Amino acid sequence: MEEKSYQKLKEKVQPYFENAKPCHDFMHTERVLNLALYIGEKESANLEILKLATLLHDIAHQEQDECKGEICHAEKGAEMAKEILDKEGYDKEIINAVAHCIETHRFRNNKIPKSTEAKVLYDADSLDAIGAIGILRACSFSGSIGSLVHNPDVNVENTKRYSKDDSAYREFLFQLKKVKDTMLTKEGKKIAKGRHKYMVKFFDRVNKEVRGKL
Ligand SMILES: [Fe+2]
Ligand SMILES: [Fe+2]
């Protein structure tokens, strides 16, 4: 793929993120792109398919947010990507491969990432939710819903997600801790292990600081 045609496509895609929420804005796509290309190279993925799929993977996220989750941004995004790439003159084979990656990037409702590129996109996208960047995203999200800065004595069984008792720490205990066990590629597993270790260390320090021990 020529850099010029990729840049043209990027400019077409950016407006879809104009009113996106911070956790899924265009910077999220750019971070996932950096990571996907790094992992993709190690996993011998087709980088053209991977680059296109990553650029377009969250194109329908804003639409999903606006209709409060009634549509699935992965399924809708795959349809939209097909149309966009068809208009740009991409081959059918590439379009279908890209659509598969986008459609399965949430790994839900029997939509399973089967190709190497789909597995790499799934891993890169999930990895953006953990590690140092994952903590920042979790803080940004909990701030946006007015939940706690920190709840050191949180018992996840007794609190609800998206409630006042929610916090980045609760998100870590309830969701982010599990991400390392969901990786589909060797390189993804390696990166997840490092990011997980960082989060454990970070929250351990936070818990010490709030108890006046540091
Ligand atoms: Fe997504
Ligand atoms: Fe994403």
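**A chat about an all-helix model**

Q: Why does a radius of gyration of 18 Å agree with a compact globule here?
A: Because the protein has 214 residues, a compact globule would have a radius of gyration near 17 Å, and the 18 Å found for the protein agrees with that. The radius is taken over C-alpha atoms, and the globule rule is 2.2 Å times the number of residues to the power 0.38.

Q: Anything I should know about the model itself?
A: This is a predicted model, in which local features need pLDDT of at least 70, side-chain atom pairs count only at pLDDT 80 or more, and totals for chains, interfaces and linings use all residues. Residues are numbered from 1 along each chain as its sequence is written, while chains are lettered from A and ligands numbered from 1 in the order in which they are written.

Q: How many helices and strands are there?
A: The protein has ten helices and zero strands, where helices (H or I, at least four residues) and strands (E, at least two) are DSSP runs numbered from the N terminus.

Q: And how much of the protein is buried?
A: Of the 214 residues, 36% count as buried, meaning that 20 or more other C-beta atoms, placed from the backbone, lie within 10 Å of the residue's own.

Q: Which residues have the most contacts inside the largest nonpolar core?
A: They are A53, L56, A81, V98, I102 and L121, in a core of 42 residues; such a core is a set of buried Ala, Val, Leu, Ile, Met, Phe, Trp, Tyr and Cys residues joined through C-beta atoms within 7 Å. Among the helices that each supply at least two residues of this core are α5 (73-87) and α6 (92-103).

Q: What does A81 touch?
A: Not counting residues up to four places away in sequence, A81 touches L56, I59, V98, A99 and I102, with contact meaning that the C-beta atoms, placed from the backbone, lie within 7 Å.

Q: Which helices do the buried residues of α6 pack against?
A: They pack against α3, α5 and α7, and the buried residues of α6 include I95, V98 and I102.

Q: New topic: what domains does the assignment give?
A: It gives domain 1 (1-111) and domain 2 (129-214), with bounds that come from an automatic or database domain assignment. The contact between them takes six residues from domain 1 and seven residues from domain 2.

Q: How far apart are the C-alpha centres of the two domains?
A: The centres of domain 1 and domain 2 lie 26 Å apart.

Methods. A residue is buried if 20 or more other C-beta atoms lie within 10 Å of its own, exposed if 12 or fewer, and partly exposed in between; C-beta atoms are placed from the backbone. Two residues are in contact if their C-beta atoms, placed from the backbone, lie within 7 Å.
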